Amino acid sequence: MRRFISITLAFALVLSLTACFGPPVDPDTVQESIQVIAMDTPMFISTYGRRSTGAAYASEDLIRALEARLSRTEEDSDISRLNAAGGETVEVGWDTYCLLDQAAFFNAETGGAFNIAIAPVVSAWGFTTDSFQVPSQAELDRLLALTDPRGVSPAQLGDAKFTASLEPGQSVDLGGIAKGYAADKLADLFVEYEVPRAMAQLGGNVLVWGDRPDGTAWRVGVQDPARPDEQNAFVGVLNLKNAFAVTSGGYQRYFEEGGKRYHHIIDPATGYPADSDLTSVTVVAEADPDIPRKNGAMCDAYSTGLFIMGEEEALRFWRSRRQQNRENAFELVLVTEDGRVVVTQGLAEAFTLDEGSGYTLEIVS
Ligand code: ADP
Ligand code: MG
């Protein structure tokens with residue numbers, strides 16, 4: 001009863017305040033923002049609506065809980081225990097199980113380009129520890145023999161019991177998909193908290209939910225890969241509502257040795273940083289409350305995989321899948337080494353080239 005009275009009083013107060021100061025505030029424009037550093041990435045999340053504060057705090061908790069499960073560097077995460085198990089089976093949480101399962105699916109989809117079992121090779125290049133080096137060919141050959149994705153075996157043993165195992169010597173790295181998976185989980189959370197609009201930027205993984213308070217689309221800049229350290233150096237802008245947009249590129253993490261640049265996206269066919277004619281790949285797909293939430297992870301896995309494939313194969317991949325269901329439809333923005341921005345038909349309206357960027361725009365169908 002007291003609670004009822006206090007709510008009534010609060011309501012009366014709001015009414016009287018709005019009576020004094022003009023029209024009532026539209027609850028859908030009430031905003032909360034948080035910053036989180038997790039998964040090695042600065043993240044920014046803005047939520048709107050009556051429950052914007054609860055949603056923002058819950059978003060942070062969700063990301064931290066995922067990181068605790070999936071991190072390769074925290075000792076008791078599911079992934080660390082799995083990588084240290086020497087081929088034994090370990091118990092894992094639901095999210096880890098789902099991610100391993102989805103990663104296997106996207107590995108098959110991308111013809112092996114996206115492969116979480118590439119971890120030993122990523123480590124040999126020093127990307128896990130920041131002690132960069134060019135491994136010898138003999139070492140790469142030895143490690144590549146450990147990257148067969150079929151060695152990764154997630155299993156469901158009961159309603160709420162999940163396990164996973166690897167072949168001895170294998171390890172997995174979810175860096176190419178975990179942020180996309182986190183974006184999928186945020187979309188679930190926005191449904192739960194009845195968030196009418198939101199924007200989540202998890203490094204190169206962006207989720208825009210609903211529209212902006214003025215009813216227009218969210219504006220997602222596509223970073224100019226030639227100017228990675230400059231804020232607002234974009235090849236162009238995507239105008240999007242209810243969408244995941246995920247960018248991968250060699251410019252995001254690299255080291256230089258002997259005048260050569262080595263980046264963090266490894267081609268499982270060679271063990272070397274992918275020798276791509278692309279400098280970045282952005283994958284865009286729908287984030288709709290009514291469709292199953294796997295598109296964030298899909299965009300993340302594809303952005304990594306298609307970067308490795310290069311322009312021609314990436315476009316062939318897009319064409320081969322464009323007739324599929326609305327649920328897993330996706331579109332691309334490819335930035336090429338020779339200064340073109342290649343945009344697939346479905347984004348022709350949404351993408352605006354930055355005229356001052358020096359790039360030329362090509363729409364492909
Ligand atoms: P980022 O997470 O750095 O924004 P990506 O999504 O492209 O960019 O993921 C790159 C990360 O994925 C690397 O840092 C590494 O951990 C991992 N990785 C590298 N090569 C591959 C690959 N071929 N398949 C899957 N993951 C990869
Ligand atoms: Mg990725």
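Student: What makes Thr 304 count as buried?

Tutor: Its relative accessible area is 14%. Buried means under 20%, so Thr 304 with its 14% gets that label. Keep in mind that this is a predicted model.

Student: And why is Asp 300 called buried?

Tutor: Same kind of check: Asp 300 has a relative accessible area of 4%, and with the limit at under 20%, Asp 300 counts as buried.

Student: How do you know that Asp 300 and Thr 304 are separated by about one helical turn?

Tutor: Look at helix α8, which covers residues 295-309. Asp 300 and Thr 304 are four residues apart in that helix, so about one helical turn separates them.

Student: What makes Gly 176, Asp 300 and Thr 304 donors to the magnesium ion (ligand 2)?

Tutor: Check the distances. The ion is coordinated by Gly 176 (O), Asp 300 (O), Asp 300 (OD) and Thr 304 (OG1), at 2.1 to 2.5 Å. For this metal a donor has to be an N, O or S atom within 2.8 Å, so these oxygens pass. Along the sequence, the donor residues are spaced G-x123-D-x3-T.

Student: On to salt bridges. Why do Glu 109 and Arg 321 form one?

Tutor: Their closest N and O atoms are 3.0 Å apart. The cut-off is 4 Å between a side-chain nitrogen of Lys or Arg and a carboxyl oxygen of Asp or Glu, so this pair qualifies. Glu 109 sits in helix α4 (residues 94-109) and Arg 321 in helix α9 (residues 311-321), so the bridge ties together parts that are 212 residues apart in sequence.

Student: What labels do Glu 109 and Arg 321 get for accessibility?

Tutor: Glu 109 is at 22% relative accessibility, and partly exposed runs between 20% and 50%, so Glu 109 is partly exposed. Arg 321 is at 19%, which is under 20%, so Arg 321 counts as buried.

Student: Is Arg 150 buried or exposed?

Tutor: Exposed: its relative accessible area is 71%, and exposed means over 50%. Arg 150 meets Asp 148 in a salt bridge with 2.8 Å from N to O. Asp 148, at 31%, is partly exposed.

Student: How many salt bridges does the structure hold?

Tutor: It holds 20. Another one of them joins Glu 256 and Arg 261, with the closest N and O atoms 3.2 Å apart.

How values were computed
Residues are numbered from 1 along each chain as its sequence is written. Chains are lettered from A and ligands numbered from 1 in the order in which they are written. This is a predicted model: local features need pLDDT of at least 70, side-chain atom pairs count only at pLDDT 80 or more; totals for chains, interfaces and linings use all residues. Side-chain values use heavy atoms; hydrogens and water are left out. Donors are N, O and S atoms within 2.8 Å of the metal (3.2 Å for Na, K and Ca); water is not among the atoms, so sites may look incomplete. Helices (H or I, at least four residues) and strands (E, at least two) are DSSP runs, numbered from the N terminus. Buried means under 20% relative accessible area, exposed over 50%, partly exposed in between (1.4 Å probe, protein chains only).
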